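Trainee: I've got a model open and I'd like to learn how to read it feature by feature. Could you walk me through it?

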Amino acid sequence: MEPYELMKLRLLNAGHQALCYFGYLGGHRYVHEAATDPALAKFLLDYMDLEATPTLRPVPGVDLDGYKRTLVERFSNAEVRDTLARLCAESSDRIPKWLLPVVREQLARGGPVTRAAAVVASWARYAEGSDESGEPIVVVDRLGDRLMAAAKAQRQRPTAFIEDRELFGDLADDERFVAPYLRVLESLHAEGARATVRWLAG
């Protein structure tokens, strides 16, 4: 894959996923609301700086730090009126292509995966199909029924969602991924999205 395309997928596209589930669960409905939430913005930048960027190759003519700042500014633009629900749709096509390659490369090089694992946990919580007020979430995904069934099972079996090998491969067997995933999922259930993001953002 070309370095520029890799940069776009792992920073812009996966960055959207880092915002959307936590943002929606935390009560936001628009991308600019989530991107201007201080804790969420810090979480997003930490994901990009500490986990995604180490997996990228140099992109000729592109200042990566400048590109990341531009992304946050673009996500924060209230004029765009992009919805979090749109970014949360078809996640089974998006997460395996955009985010999980970051996880695998980081595991291979011994790097951190806490924030990427947190994004997966936020997707798993979103896929339960109701928000923190008990309002229904419409899960738009070609695998929606399967994802929701696994997400509902995770209250009893916490790894149920990531046991889907078609989506996650063998990640459920790797404690370096599973441990942070379960910590975040437990926090989402016990404390909620906003408190979890504050904790992740330090």
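Mentor: Sure, and let's start with a cysteine: Cys88 is buried, at a relative accessible area of 4%. Keep in mind throughout that this is a predicted model.

Trainee: Which cysteine sulfur is nearest to that of Cys88?

Mentor: That of Cys20, 3.5 Å away. Cys20 counts as buried too, with 0% relative accessibility.

Trainee: Why is there no bond between the sulfur of Cys20 and Cys88?

Mentor: Because a disulfide needs the two sulfur atoms within 2.5 Å, and the 3.5 Å between Cys20 and Cys88 is too far for a bond. By that rule the count of disulfides comes to zero.

Trainee: OK, on to helices. What should I look at in H1?

Mentor: Begin with length. H1 has 23 residues and reaches 33 Å from its first C-alpha to its last, close to the 33 Å expected at 1.5 Å a residue. Then look for bends: H1 has a kink of about 30 degrees, centred on Ala14.

Trainee: And how many of the residues of H1 are buried?

Mentor: 19 of the 23, so H1 is mostly covered, taking under 20% relative accessible area as buried.

Trainee: What comes just after H1?

Mentor: Gly27, which takes a positive phi of about 105 degrees. Then look at His28, in the loop between helix H1 (3-25) and helix H2 (31-35).

Trainee: Is His28 buried or exposed?

Mentor: Buried, with a relative accessible area of 11%. The side chain of His28 makes a polar contact with the side chain of Asp37, at 3.0 Å. Leaving out residues up to four places away in sequence, His28 touches several others, including Gly23, Leu84 and Arg194.

Trainee: What about positive phi in residues that aren't glycine?

Mentor: Here's the general idea: most residues other than glycine have a negative phi. That makes positive values worth a look. Arg81 has a phi near 55 degrees, a positive value in a residue other than glycine. Arg81 is found in the loop between helix H4 (64-75) and helix H5 (84-88), and is partly exposed, with a relative accessible area of 47%.

Trainee: Where does Glu90 lie?

Mentor: In the loop between H5 and helix H6 (91-98). Glu90 is not a glycine, yet has a positive phi of about 55 degrees. Its relative accessible area is 28%, which means Glu90 is partly exposed.

Trainee: Now charges. How do I read salt bridges?

Mentor: Side chains of opposite charge can pair when their charged atoms come close. In this model the count comes to 16 salt bridges.

Trainee: Which helices do Glu105 and Arg10 lie in?

Mentor: Their side chains meet in a salt bridge, 2.9 Å from N to O. Glu105 lies in helix H7 (residues 100-109) and Arg10 in helix H1, so the pair ties together parts that are 95 residues apart in sequence. Arg10 is buried, with a relative accessible area of 7%, whereas Glu105 counts as partly exposed at 32%.

Trainee: How about a salt bridge that involves loops?

Mentor: Try Arg29 and Asp131, whose closest N and O atoms are 3.5 Å apart. Arg29 is in the loop between H1 and H2, and Asp131 in the loop between helix H8 (114-126) and helix H9 (144-153), so this pair ties together parts that are 102 residues apart in sequence. Asp131 is buried at 10% relative accessible area, while Arg29 is partly exposed at 30%.

Trainee: Which helix holds both Lys42 and Asp46?

Mentor: Helix H3 (residues 38-52), where Lys42 and Asp46 sit four residues apart, about one turn of the helix. Their side chains meet in a salt bridge, 2.8 Å from N to O. Lys42 counts as partly exposed at 39% relative accessibility, and Asp46 as buried at 14%. For a network of salt bridges, see Asp49, Asp65 and Lys68, which are linked in one.

Trainee: What is Arg115 in contact with, leaving aside its neighbours within four places in sequence?

Mentor: Phe43, Asp46, Tyr47, Leu50 and Glu51. Arg115 lies in helix H8 and counts as buried, at 17% relative accessibility. Check the C-alpha distances as well: those of Arg115 and Val197, 82 residues apart along the chain, are separated by 9.9 Å.

Notes. Residues numbered from 1 in each chain as written. Predicted model: local features only at pLDDT ≥ 70, side-chain atom pairs only at ≥ 80, totals over all residues. Heavy atoms only, no water. Helix = DSSP H or I, 4+ residues; strand = E, 2+ residues; numbered from the N terminus. Buried < 20%, exposed > 50% of the residue type's maximum accessible area, 1.4 Å probe, protein only. Polar contact = N/O pair within 3.5 Å; in protein donor to acceptor, adjacent residues only side chain to side chain. Contact = heavy atoms within 4.5 Å. Expected span 1.5 Å × (residues − 1). Bend = angle between axes of the 7 residues up to and from the residue. Salt bridge = Lys/Arg side-chain N within 4 Å of Asp/Glu carboxyl O.
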